[in-house]
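Here are some notes for a colleague who is opening this structure for the first time. Please read them with the sequence and the 3D view side by side.

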Amino acid sequence: MADENAADDKNSDPKPATGTPGSSAQQSGADAVEQRARGAQDAKGGEVEQASAPIDAPSGTEADEQTTPEGGTRIGPTRERRGMFGVSDSGDTSGFGGLRLPAHVPAPAERPFGGWFDDFADEFGEALAERGIPQGAVQQITIDRGEITFYVRRESIVDVCRTLRDEDGLRFELCSSVSGVDYGADVPQRLHVVYHLTSMTYRRRIRLEVSVDVDDPHVPSVVEVYPTADWHERETWDMFGIVFDGHPALTRILMPDDWDGHPQRKDYPLGGIPVEYKGAEIPPPDQRRSYT
C-alpha cells in the first residue's frame, strides 16, 4: 500500500491548481494591472495554465519591433451583453431579442505556450527567417481553448502558407477551411479571414488569421499554395465581401450573381430584403409574427 501511495505522489502534478493565488493564471504578467484598469477579468479555475516570460529584446530596438508580441493571455476585456436569448415579450422570431456583444479583441499569448506549441513556434520562426520573411509578418500569437492562432500581415499570407506547407519540420499539407468574420463597425480592421491548416504528417492543426479594413478588404489568394481554398475563398467573398486578389475565378457561390451586398456582414439587415422571383419580402425579426 505504501508503494502505491509513493507512486501516486510521483505522478501527481506539483503545480498549483489554475486560478489559485499562486498560479500563473492568477498572475498574468507585468501588464495585468493595466488590463484590469480597462475592465479585464481574472482567470477562472479550469483554464489552461501559462506562465509569463519577459521578451529579451530591449524596448525600442529594431529587434523589439520585429518581435512577435507575447504578453497577457490570461486576461481579456470584459464583454457585456445587451439583450438575451429566449425573449417572450416581442414578435422577434430570431431568438436573439436584440442580443449585442462588444467587439472581442483576443489577447496575445505568453510563453511558455505549453504542449508542442513552443517548439513549433520556434521552428516556424526559424523557417520564416531562412526564407527571408521578416518576423514582423506574424503580428501576434494567441492560445485559446487548446488552439494556437498566428495573426499574419495580409501581404505575407502567401509566403507564410508556402513555408508551412513546404518545410520538412512543419508540413501543413492541407488547408481544410477558409472563412470570414465581421466584428462590427466599432472595430478597426473589422473583417478577418481565418485559415485552418492541418499537418497530416505530424497530426497537428493551427489557425492563421488576417484582418483588413472594410474600406480596403483585399487579401492575396492562397489558391496557388492550397487549391482546396478555391471555393472557400469564393464563399468568404460572397458572404463577407473580402476580395481575394489573384483568385482564378472569384464569383459568388451561394447568392445570385447580381445580388447586392454580403449577407454575413454585421451591417447587413436581418430581413426586409425582397425575395427574388416571388415579389415577397421577409420582414425584420422584430416585425415577424410569433406563433408561441
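1. Helix α5, which covers residues 157-166, lies across the strands β2 (147-152), β4 and β5, and runs at about 175 degrees to β5. Please keep in mind, here and in the points below, that this is a predicted model.

2. A second helix to look at is α6 (residues 229-240), which lies across β3 and β4 and runs at about 5 degrees to β3.

3. The strands named so far belong to an open sheet of five strands, which has mixed pairing and follows the order β1-β2-β5-β4-β3. Its edge strands are β1 (138-144) and β3 (174-182), each of which pairs on one side only. From one strand to the next, the twist averages 20 degrees.

4. Within this sheet, β4 (residues 191-199) and β5 (residues 204-212) pair in the antiparallel sense, and nine bridges are found over their pairing. To locate this pairing in the view, one may start from V193, whose bridge partner in β5 is V210.

5. By the rule applied here, the salt bridges come to a count of 14. As general background, side chains of opposite charge can pair when their charged atoms come close. One of the salt bridges joins the side chains of E209 and R207, at 3.7 Å from N to O, and both E209 and R207 are buried.

6. Another salt bridge is formed by D238 with R252, where the closest N and O atoms are 2.5 Å apart. D238 lies in helix α6, whereas R252 lies in the loop between β7 (243-245) and β8 (273-274), so the pair ties together parts that are 14 residues apart in sequence. Both D238 and R252 are buried.

7. A further salt bridge brings together the side chains of D118 and R111, at 3.2 Å from N to O. D118 counts as buried because its relative accessibility is 14%, and the cut-off for that class is under 20%. Through salt bridges that share partners, R111, D118 and D122 are joined into one network.

8. For the chain as a whole, the secondary structure comes to six helices and nine strands, and 36% of the 292 residues count as buried. Among the contacts in the chain with a separation of 6 or more, 57% are accounted for by residues 24 or more positions apart. The accessible surface of the chain comes to about 17200 Å², and 50% of this surface belongs to carbon and sulfur atoms.

Terms used: Residues are numbered from 1 along each chain as its sequence is written. This is a predicted model: local features need pLDDT of at least 70, side-chain atom pairs count only at pLDDT 80 or more; totals for chains, interfaces and linings use all residues. Side-chain values use heavy atoms; hydrogens and water are left out. Two strands pair if DSSP finds at least two bridges between them. Helices (H or I, at least four residues) and strands (E, at least two) are DSSP runs, numbered from the N terminus. Axes are lines fitted to C-alpha atoms, for helices over the stretch in contact, and angles run from 0 to 180 degrees between N-to-C directions. Contact means heavy atoms within 4.5 Å. Buried means under 20% relative accessible area, exposed over 50%, partly exposed in between (1.4 Å probe, protein chains only). Accessible areas come from the Shrake-Rupley method with a 1.4 Å probe; for residues, only the protein chains shown count as cover. A salt bridge is a side-chain nitrogen of Lys or Arg within 4 Å of a carboxyl oxygen of Asp or Glu.
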